[in-house]
Amino acid sequence: MSTSTAPIDAGFFARDTRDVARDLIGVTLRRGDVAGVIVETEAYRDDPASHWVTRPRTARCMGETFARLYVYRIYGVHLCLNVTTERGRPGAVLIRALAPADGLDVMRARRPGRRDRELAGGPARLVVALGLDASWNGRRFDDGLVWTTPRAKPSVARGPHIGISRATELPWRFMDVASPHVSRGGAPRRARPQAARGSA
DNA sequence: TGGCCGATATGCT
DNA sequence: GCATATCGGCCAA
């Protein structure tokens, strides 16, 4: 069965980062035979937690490009996948979780001994599940990856950033309310997610 | 040049 | 729930 149709074009990313992060929920991300539905994202622009501020050299692409992959290493071992956004302003969207949709056997081979929910439910996990590495940094978003919009938009909730120590009050984390594949057990505890129609 | 910290994941208490 | 692995980038000296 096909749950996705139209491919995303580069102009999709040349918009307000929060709108891009919200609209990426439900999008299918495919690399070869492996695919997953994006169920959780985070938006970063020029807030104090953004790499545009904390790692200006490596995150230079946030300000100079849109629709390019930004892959960085964290805590020595893990890689995270972002896509740069906005024309003429710094911005990037962190892909935080996928719901596995195709190529489950390949994902299991890449992450042996993991439950299906843990295959791609986390920023570093989905990088492993898709078989990406640091060499993907700087590529065009569609160089080796296919992004397709959902036939029907899922219900999107918003909540605060997680995993960071600054600017945690910004409600720039977006997630599919119906998906059990979001990281950190789903809805945030301290601030309950709210409807995310319209950016703020 | 040294030291500190991080947009994480995992294992142990 | 909390400590820790592990390393590149960044800032202070």
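Me: What makes the approach of Arg55 to a phosphate oxygen of DNA strand C a polar contact?
Reply: In this predicted model, a polar backbone atom of Arg55 is 3.3 Å from a phosphate oxygen of DNA strand C, and because a polar contact is a pair of N or O atoms within 3.5 Å, this pair counts as one.

Me: How do you know that Arg57 and Tyr75 also make polar contacts with DNA strand C?
Reply: For Arg57, a backbone N or O atom lies 3.1 Å from a phosphate oxygen of DNA strand C, whereas for Tyr75 a backbone N or O atom lies 2.5 Å from a base oxygen of that strand. The limit is 3.5 Å, so both pairs qualify.

Me: Which part of DNA strand C supplies 80% of its atoms within 4 Å of the protein?
Reply: Those atoms belong to sugar or phosphate, and the rest belong to bases.

Me: What makes the contacts of Tyr44, His51 and Arg125 with DNA strand B polar contacts?
Reply: An N or O atom in the side chain of Tyr44 is 3.2 Å from a sugar or linking oxygen of DNA strand B, a polar side-chain atom of His51 lies 3.2 Å from a base nitrogen, and an N or O atom in the side chain of Arg125 is 2.7 Å from a phosphate oxygen. Each of these distances is within 3.5 Å, and therefore each pair is a polar contact.

Me: Which element gives the largest share of the surface near DNA strand B?
Reply: That share, three residues, comes from H5, which spans residues 123–130.

Me: Why is the pair of Phe13 and Trp147 called edge-to-face?
Reply: The ring centres of Phe13 and Trp147 are 5.8 Å apart, and the angle between their planes is 80°. Rings pair if their centres lie within 6.5 Å, and planes over 60 degrees apart count as edge-to-face, so both conditions are met. Phe13 lies in the loop between strand S1 and helix H1, while Trp147 belongs to strand S7, 134 residues apart. Both Phe13 and Trp147 are buried, and together with Phe12 and Phe141 they form one aromatic cluster.

Me: How do you know that the charged end of Arg15 is within the distance limit for sitting over the ring of Phe12?
Reply: The charged end of Arg15 is 4.7 Å from the centre of the Phe12 ring, and because the limit is 6 Å, the distance condition is satisfied. Likewise, Arg139 lies over the face of Trp136, at 3.8 Å from the ring centre.

Definitions and conventions: Residues numbered from 1 in each chain as written. Chains lettered and ligands numbered in written order. Predicted model: local features only at pLDDT ≥ 70, side-chain atom pairs only at ≥ 80, totals over all residues. Heavy atoms only, no water. Phe/Tyr/Trp six-rings, centres within 6.5 Å; stacked < 30°, edge-to-face > 60°. Helix = DSSP H or I, 4+ residues; strand = E, 2+ residues; numbered from the N terminus. Buried < 20%, exposed > 50% of the residue type's maximum accessible area, 1.4 Å probe, protein only. Lys NZ or Arg CZ within 6 Å of the ring centre and 35° of its normal. Polar contact = N/O pair within 3.5 Å; in protein donor to acceptor, adjacent residues only side chain to side chain. Near = heavy atom within 4 Å.
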